[in-house]
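Student: Could you take me through one part of this model up close, in plain talk? I'd like to see how a single helix sits among the things around it.

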Amino acid sequence: MDKTRLESQIRWALQTRPQVTLAEIVGRFPLDRGLAELLAYLSLAVESDGAVIDDQHKQELFWTDASGTPRRATMPLVIFTRQA
């Protein structure tokens, strides 16, 4: 998985806002690699000092897999924040 591309997408989303949710990022940059890409975003959130994973709130993410089947994941709210 190209984490550099995902980090670039996160930085792009944060250019005009102080924070952005993973759902908003996926809405702008749909998951090309499905669940593997989603897990890579989560890995970036865990590794980042500028991200929050909120277990008290949930978010739903949607994508279409390679066979054209719609997919959905319900997960904790992930928020990326702009770092000073």
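Tutor: Let's start with what lies over the buried residues of H1: the cover includes strand E1 (19-21), helix H2 (22-28), helix H3 (35-47) and E3. Keep in mind that this is a predicted model. The residues being covered are Leu6, Gln9, Ile10 and Ala13. Looking down the axis of H1, you'd see these buried residues fall within an arc of 100°, so they line one face of the helix. That fits the usual helix arithmetic: an α-helix has 3.6 residues a turn, so residues three or four places apart point the same way. Turn to the face of H1 that points away from the buried side and you'll meet Thr4 and Arg11, both exposed.

Now for two of the buried residues, beginning with Gln9. Helix H1 covers residues 3-13, and Gln9 sits in it. Gln9 has a relative accessibility of 11%, and because the cut-off for buried is under 20%, it counts as buried. Its side chain isn't left without a polar partner there: it makes a polar contact with the side chain of Tyr41, at 2.6 Å. Setting aside the neighbours within four places in sequence, Gln9 touches Phe29 as well as Tyr41.

Ala13 is another H1 residue. Its relative accessible area is 11%, so Ala13 is buried too. Once neighbours within four places in sequence are left out, its contacts are Val20 and Ile25. If you'd like a distance to check in your viewer, try Ala13 to Phe29: the C-alpha atoms are 9.8 Å apart, with a separation of 16 residues in sequence.

Back at the N-terminal end of H1, there's a cap. Asp2 does the job, with a side-chain oxygen 3.3 Å from the backbone nitrogen of Thr4.

One of the elements covering H1 deserves a visit as well, namely H3. Glu37 belongs to that helix. With a relative accessible area of 0%, Glu37 is buried, charged side chain and all. Beyond its neighbours within four places in sequence, Glu37 is in contact with Met1, Arg5, Leu6, Pro30, Leu31 and Asp32. Leu6 in that list is one of the buried residues of H1, which gives you a direct link between the two helices.

H1 also has a part in the largest pocket, which holds about 260 Å³ of space. H1, H3 and E3 each put at least two residues into its lining, and H1 gives the most, with three. The lining is made up of Glu7, Ile10, Arg11, Leu14, Leu44, Glu47, Ser48, Gly50, Phe80, Thr81, Arg82 and Gln83. Notice two familiar names in there, Ile10 and Arg11: Ile10 is among the buried residues of H1, while Arg11 is exposed on the face turned away from them. By class, the lining splits into four nonpolar, four polar and four charged residues.

One last stop, away from the helix: Ser48 from the pocket lining has its C-alpha 32 Å from that of Thr69, although 21 residues separate the two in sequence. Thr69 lies in the loop between strand E2 (51-64) and strand E3 (70-81), and is partly exposed at 31% relative accessible area. Its side chain joins that of Ser67 through a polar contact of 3.1 Å. Past the neighbours within four places in sequence, Thr69 is in contact with Trp63 and Thr64.

Note on methods: Residues are numbered from 1 along each chain as its sequence is written. This is a predicted model: local features need pLDDT of at least 70, side-chain atom pairs count only at pLDDT 80 or more; totals for chains, interfaces and linings use all residues. Side-chain values use heavy atoms; hydrogens and water are left out. Helices (H or I, at least four residues) and strands (E, at least two) are DSSP runs, numbered from the N terminus. Buried means under 20% relative accessible area, exposed over 50%, partly exposed in between (1.4 Å probe, protein chains only). A polar contact is a pair of N or O atoms within 3.5 Å; within protein, one must be able to donate a hydrogen and the other to accept it, and residues adjacent in sequence count only if both atoms are side-chain atoms. Contact means heavy atoms within 4.5 Å. The arc is that of the directions from the helix axis to the C-beta atoms. On a 1 Å grid over the protein atoms alone, a cavity is a set of points where a 1.4 Å probe fits but cannot get out, and a pocket is an open set with protein on both sides within 12 Å along at least five of seven lines; lining residues have an atom within 4 Å of a point. Grid points are joined across faces, edges and corners, and a volume is the space filled by probe spheres set on the points.
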